[in-house]
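Q: Please take a close look at a single part of this model: one strand and what surrounds it. Set it in the whole chain, then work outward.

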Amino acid sequence: MLNAPDTSATVETKGISKSGGIQTFRSSIVATPKAEGSKATVSCQSLMLDDQSRSDTIPAMDIRAKNVDIGHEATIGRIGDDKVFYLMSPRHLGRRGPVP
């Protein structure tokens, strides 16, 4: 909630889905009349590792001030099987995670 002049807020979410996983991002930005000159951004970034997974973004913006800069952005990316194979090789992430 933006409730004072010249304030700012940033909301960032990131997620990875595979095996038909579903991500749902709900964000809410409220700018009261006191928030003149304020800025807010909401960013949702999703990475899909297969064609069965999905991501839903549900932004809610309640803007009651005239002089504010508020925005929302959502991006979805996919990784091909060849890239996943490369990342899962023992030299990189492997099956047990990153190697120090």
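A: What follows starts with the whole chain, moves to the second strand and then goes out to the loops and charged pairs.

This is a predicted model. The mean pLDDT is 85, and 89% of the residues score at least 70. The protein has 1 helix and 5 strands. Their order along the sequence is β-β-β-β-β-α. Contacts reach far along the chain: of those between residues at least 6 apart in sequence, 79% join residues at least 24 apart. Buried residues account for 25% of the 100 residues. The exposed area is about 7,200 Å², with 53% of it supplied by carbon and sulfur atoms.

The strand to look at is E2, residues 22–31. Among the elements, E2 has the highest mean pLDDT, 92. The lowest, 73, belongs to helix H1, residues 81–87.

Start with Gln-23, which sits in E2. Its side chain is polar in its pairing: a polar contact of 2.8 Å joins Gln-23 to the side chain of Ser-17. Is Gln-23 buried or exposed? Gln-23 counts as buried because its relative accessible area is 10%, below the 20% cut-off. Beyond its neighbours within four places in sequence, Gln-23 touches three stretches. One is Gly-15, Ile-16 and Ser-17. Another is Ser-46, Leu-47 and Met-48. The third is Arg-54, Ser-55 and Asp-56.

Those stretches can be placed. Strand E1 spans 8–17, strand E3 spans 39–48 and strand E4 spans 54–63. Gln-23 therefore has contacts in E1, E3 and E4, and is buried at 10% relative accessible area.

Next along E2 comes Ser-27. Ser-27 is also buried, with a relative accessible area of 12%. Again leaving aside neighbours within four places, Ser-27 is in contact with Val-42, Ile-58, Pro-59, Ala-60 and His-72. One of these partners, Val-42, belongs to the largest nonpolar core.

That core has 9 residues: Leu-2, Phe-25, Ile-29, Ala-31, Ala-35, Ala-40, Val-42, Cys-44 and Ile-70. Which elements give it two or more residues? They are E2 and E3.

Leu-2 is the core member to follow from here. Its contacts beyond four places in sequence include Val-30, Ala-31 and Thr-32. They also include Ala-35, Ala-40 and Ile-70, which are core members too. Other partners of Leu-2 are Thr-7, Ser-8, Ala-9, Ser-38 and Lys-39.

Leu-2 also leads to Val-68. The two are 66 residues apart in sequence, with their C-alpha atoms 9.8 Å apart. Val-68 lies in the loop between E4 and strand E5 (69–78). At 21% relative accessible area, Val-68 is partly exposed. Buried means under 20%, so Val-68, at 21%, does not qualify. Outside its neighbours within four places, Val-68 touches Ala-35, Gly-37, Ser-38 and Ile-63. Ala-35 and Ser-38 are also contacts of Leu-2.

Now the charged pairs. Side chains of opposite charge can pair when their charged atoms come close. The count here is 2 salt bridges. Arg-54 pairs with Asp-56, the closest N and O atoms lying 2.6 Å apart. Both residues are contacts of Gln-23. Arg-54 is partly exposed at 45% relative accessibility, and Asp-56 is partly exposed at 25%. The other bridge joins Arg-64 to Asp-62, at 2.7 Å from N to O. Arg-64 is exposed, with a relative accessible area of 51%. Asp-62 is partly exposed, at 28%.

Last, the backbone on the way into E2. Most residues other than glycine have a negative phi. Ser-19 is not a glycine, yet its phi is positive, about 55°. Ser-19 is in the loop between E1 and E2 and is exposed, with a relative accessible area of 66%. Asp-6 likewise has a positive phi of about 55° without being a glycine. Asp-6 lies in the segment before E1. At 62% relative accessibility, Asp-6 is exposed.

To return to the strand: E2 holds buried Gln-23 and buried Ser-27, and E2 also gives two or more residues to the core.

Definitions and conventions. Residues are numbered from 1 along each chain as its sequence is written. This is a predicted model: local features need pLDDT of at least 70, side-chain atom pairs count only at pLDDT 80 or more; totals for chains, interfaces and linings use all residues. Side-chain values use heavy atoms; hydrogens and water are left out. Helices (H or I, at least four residues) and strands (E, at least two) are DSSP runs, numbered from the N terminus. Buried means under 20% relative accessible area, exposed over 50%, partly exposed in between (1.4 Å probe, protein chains only). Contact means heavy atoms within 4.5 Å. Accessible areas come from the Shrake-Rupley method with a 1.4 Å probe; for residues, only the protein chains shown count as cover. A salt bridge is a side-chain nitrogen of Lys or Arg within 4 Å of a carboxyl oxygen of Asp or Glu. A polar contact is a pair of N or O atoms within 3.5 Å; within protein, one must be able to donate a hydrogen and the other to accept it, and residues adjacent in sequence count only if both atoms are side-chain atoms. A nonpolar core is a set of buried Ala, Val, Leu, Ile, Met, Phe, Trp, Tyr and Cys residues joined through side-chain atoms within 4.5 Å. pLDDT is the predictor's confidence in each residue, from 0 to 100.
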